[in-house]
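Here's a friendly walk through one protein model, for anyone opening it for the first time. Have the sequence and the 3D view ready.

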Amino acid sequence: MPFPGGLWWLLCCRQGFTLLRRDYGDGDREADGEAEEEASFELRAQGDQASLEVSLSQPTRTSSGSERSLLVSEEMRSLIVEKGPGPVEEDPDALVKGWLQREVRGGVKTPWIRPRKYWFVLTPDSLDYYSSNEKGAKRLGSLVLTSLCSVLWPDKQTYKETGYWSVTVFGRKHCYRLYSEHLNEAVRWVCAVQKVIDSKAPVQTPTQLLMRDVEEHCGSPEVLEQIYRCNPILRYTSSPLYAPLLPFPYGSLDQSAPGPRSYTTLRDEAVKLFNSLQQLESQRDPVPLIQGILQTCLDLPPLVDEIYCQLVKQTTEPPAPGGPGDLHYWQLLTCMSCTFLPSPPVLRFLRFHLDRTESRFPASEMAKYACFIREALGKTRGRECVPSLEEILVLMRRQEMVCTVHCPGAAACSVAISSHTTAEEVARELVSRLGLSQSPNLFALYEQSRLREQPVGSSTLLADVLTRFENLAGEEREQDAPCRLCFKHYGFLDTDNVPRDSLEFALLFEQAHEMVLRGYVPTSEETLQTLAALRLQSLNSDFSTHAPFPRLEELFPPHVLHARLPAPRPDPPPKCRGARLRAGLLAGGLWGHSLAKQRAERDQRLRGRLREEGASTMAAIVEKWKLLQGMGRPEAMAAYVALVREWPGFGSTLFDVDLRASPVGAGPQRLWLGIGAKAVSLYRPGEPEPLDSFCYGRISSFGASDSSTFRLSMEDRDLLFETSQVDEIAQLLTTYLASTAARRPPRPQEPAPGPLDPDPAALPRGLCPVAGPWQRPPPTGSFGS
C-alpha cells in the first residue's frame, strides 16, 4: 500500500526498486551439485549478518495478470520447477533430453573402464541431470540458465585426448563438462543450450539500475541524496569487492589478449582490478600500478566500463576528500579519460559524477581534475598503446608533453602535444613554423630507427608513437641508436624550383644523401666518392687536418665496400654417408675446434681487408675534397643535389619487392619499385635505367591481395609484388593520386570527385593529404586517370 503524501520518494529511489542490503539465504543443496543461487553484484561486508532485502524491477512471474516483486534468491529459485513423482521422460517442459557422461576419468578412452552416464534434461530455465530416466529418479544437480551463462563448442583436441566430444556449460558457481561419443549429439546439445541462454532477458546489476535512477532524478537533489545515502554500493568502501559492479558472462575466458600476460575470467579480473585500486591509495609511486591497470583494460576492453564505475564509486564521499589516496584515484581517472572512452550509459553517469564533484568541492584539486577529465572525454578516441610513464606523470599534473622532432639540415624542434595530438597536427605546425606552407611538395613525420624508417599516419596519435619508443628502448641494446621522430619530405612533386637558400633545399639535400647511403642511387664509384667529398665540403668547408672527420659509413655507401670483398666459400659437404657420419662425430671434438678456428681466422682476414678498402676509399675522398677549395656550403649542396638528380629515378620513393608474376614469364626476382609523382617504375637493383614504367593513366587499379602481396593492375596485365611494405606503397600511391587530382585543371562538366579523386580545394598545401592510416581498397577498386 503506497505511503501518503511525500513520504514515498523518501523510502524508494524508484517504483519497484529499493537497495539497502543483500539477502544471503542458502539455497537447497543437492547430492552432487547445488541449485544455482542468484547472481551477486553487491559488496559483501564481513561481519554483517542482517537479512538484506533486494527488490529488483526485472521481469518476474505474474499472478492473475499483476506483477509482483520477489527477492533475488526467491526469484532465481522459482526458475527451477520442482519435479513431481511422475516419470522423468514425461516432463512436458523438457526441450532436449538424453544420456551424457558427466566426466571422463583418465586421459584416453579405455574400453575396459565404462564411464558413468547420467540422464540430462534441458528445460527453458535450467539444465538438470538425474541418476536414471526411470520414474522417481533422483535429481542430482541443476544449473540455472541466465543470459550470463555461456557454452563452449566441442573441440578436436579433447576428442583426440579422450575419445569424446565435450560440451562445457558455465554457470555462476558451477561448470558442467559433458561428453558424448557422437559429434552430432554434442552439437545438438550446444545449440539447444545456447538457444535457451539467448532467450533470457539481460541481467542488470544493482549498479546499473542505480545509474538509471541517478539519471532520472538528476534534477532532484533530495532524491539524489537519498539514493546515495541508502545505497552503499555507490559510495567509497575500504572493504574488498567480491563481485563486479557490471554483469559479465560466466566463464568467458579471454584467450586473445596480446602480450605475455595471462588472464582468468572477466569477473575474476574485475575483482582483482578493484584490489589494485585499493592498493593505489597507499602507493608512494603510483605510476607503474596505474600503467598496469591501463594495460589490463587495453588487453580486456570489456573491463573499461567496470573500471570507470569502480573509480566513480571510490571517489564518491571518500573518508578524506582531496587527500593523497583520493587524488591517486582522480589521477587514474584522468589517465583513463585520455585512453579509453566508456559506453554511453557509463559516460553519462561519469559526467554527472564530475558535475557533482565540481559543485560540492569548487576550486579544489578534485574539481580541477574533474574539469580536465570532462575536456579529455570530448577528444578521446581509441588508443593503440597505453600511456607511457612520461605521459602518465604529465597527466597527473594536468600538463602537456614536449615532443622532440628532428629535422634534417636544421635544429630539432620541440612541440607541445597532448594525449590527443595527431601526427597531422604536428606536421601542420612544423610546416608553418619552418616556412614551408607555399611548397608544392609533401611532408610528413617519420619513425626513424637504426634499421627502419616509416611514415607516421596522419591520424596516428603521437602519444602512441612515444609509448612504442619507450617500449623499444627497454628492449634494445645499449649500442643501438634510439628511435626518434623526424620531419622530412614525403612526396616530391617539384624538385627543380626549390630555392637553394631555403630550408626546404637543406631538407632535400639531406634526403638525397640518405638515398645515397642506402644504395638507392645507382651510379659509379667515382661519382660516389665525389658525392662524399661534396658532403665533407658542406659540413666542414675547406680541407683542414683539424677538421672533424665523420665515419666512412656516414659518407660512403657501406655495401660498395662489402661488394669488393671475395664471397666466402662454404665448407664442402661430405660426399658419402660415412663421411657425413665421421664429420658429425668429429664436430664436437678437435676437428670441430679446428673448423671454428679456421672460420675465425677467415673472418679476421675479411675484416682486415675491409679496413684496408675503407682506408683507400677515404684517402680518395680526401683527395677529391682538397680539390673543392673555396667552394661554399650552398654551392657544395647544390652540386651534390645536381649529381644525384642525374639519375632518372630521383624524386621517387624506392621499395624492395619480389616480382611474383614477371611480364616475360620468368620466376620471382628482386626489384626496386619506384613510386613517383608521374609514374610507377621497376628497376633492377643497382641499374640506373628502369625495366618498365607505367604512368598513372595506364593503371586501372591497385590493392593488397594479402598482408604481404601488393597487386598493380594495368589494362593488359597484373603485377604481383611480395613485400613487407604493402601499406606504405598503397598509401603513397593514394597520396600521389590525390595530389595529381588537386593540381589537375577542372574539365568542363566534370563529375563529382570519387573517394580516390578528392576535392582539390579540400587538400592542404605542403602536407601529405592522406587523412589517416591507409584502408585497403577492394581488389576491384579503380581510380580515374
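What volume does the largest pocket have? It comes to about 1,600 Å³. Keep in mind that this is a predicted model.

Let's stay with that pocket for a moment. Its lining counts 43 residues. If you want to find the middle, look for Q448, E453, K488, E514 and R518, which lie nearest the centre of the pocket. Several elements chip in with at least two lining residues each. On the strand side these are β14 (442–448), β15 (453–455), β16 (484–491) and β17 (653–659). The helices α16 (503–517), α17 (525–540) and α22 (726–743) do so as well. Of the elements, α16 gives the largest share of the lining, with 6 residues. And what is the lining made of by class? It divides into 19 nonpolar, 10 polar and 14 charged residues.

Now for some helix packing. Three pairs are worth a look, and here are their axis values.

| Helix pair | Angle between axes | Axis distance |
|---|---|---|
| α9 (303–314) and α10 (324–337) | about 150 degrees | 10 Å apart |
| α7 (266–280) and α10 | roughly 125 degrees | within 8 Å |
| α5 (206–216) and α11 (344–360) | roughly 55 degrees | within 10 Å |

Take α9 and α10, whose axes sit at about 150 degrees. Because of that angle, α9 counts as roughly antiparallel to α10. Their crossing is left-handed. From α9, the residues V304, I307, Y308, L311 and Q314 take part, and they meet D326, Y329, L332, L333, M336 and S337 of α10. Sorted by class, this contact has 8 nonpolar residues, 2 polar ones and 1 charged one.

Helix α10 also packs against α7, with an angle of roughly 125 degrees between the axes. That angle is why α7 is described as oblique to α10. Here L277, Q278 and L280 of α7 touch H328, Y329 and L332 of α10. This contact holds 4 nonpolar and 2 polar residues, but no charged ones. You may recognise Y329 and L332: both also turn up in the contact of α10 with α9.

The last pair is α5 and α11, crossing at roughly 55 degrees. With that value, α5 is oblique to α11. The crossing of α5 and α11 is left-handed. Which residues make the contact? On α5 they are M211, V214 and E215, while α11 brings P345, V346, R348, F349 and F352. By class, the contact of α5 with α11 splits into 6 nonpolar and 2 charged residues, with no polar ones.

Conventions
Residues are numbered from 1 along each chain as its sequence is written. This is a predicted model: local features need pLDDT of at least 70, side-chain atom pairs count only at pLDDT 80 or more; totals for chains, interfaces and linings use all residues. Side-chain values use heavy atoms; hydrogens and water are left out. On a 1 Å grid over the protein atoms alone, a cavity is a set of points where a 1.4 Å probe fits but cannot get out, and a pocket is an open set with protein on both sides within 12 Å along at least five of seven lines; lining residues have an atom within 4 Å of a point. Grid points are joined across faces, edges and corners, and a volume is the space filled by probe spheres set on the points. Helices (H or I, at least four residues) and strands (E, at least two) are DSSP runs, numbered from the N terminus. Ala, Val, Leu, Ile, Met, Phe, Trp, Tyr, Cys and Pro count as nonpolar, Asp, Glu, Lys and Arg as charged, and the others, Gly among them, as polar. Axes are lines fitted to C-alpha atoms, for helices over the stretch in contact, and angles run from 0 to 180 degrees between N-to-C directions. Angles under 35 degrees count as roughly parallel, over 145 as roughly antiparallel, 65 to 115 as roughly perpendicular and the rest as oblique. A crossing is left-handed if the near helix is turned anticlockwise from the far one by less than a right angle, and right-handed if clockwise. Contact means heavy atoms within 4.5 Å.
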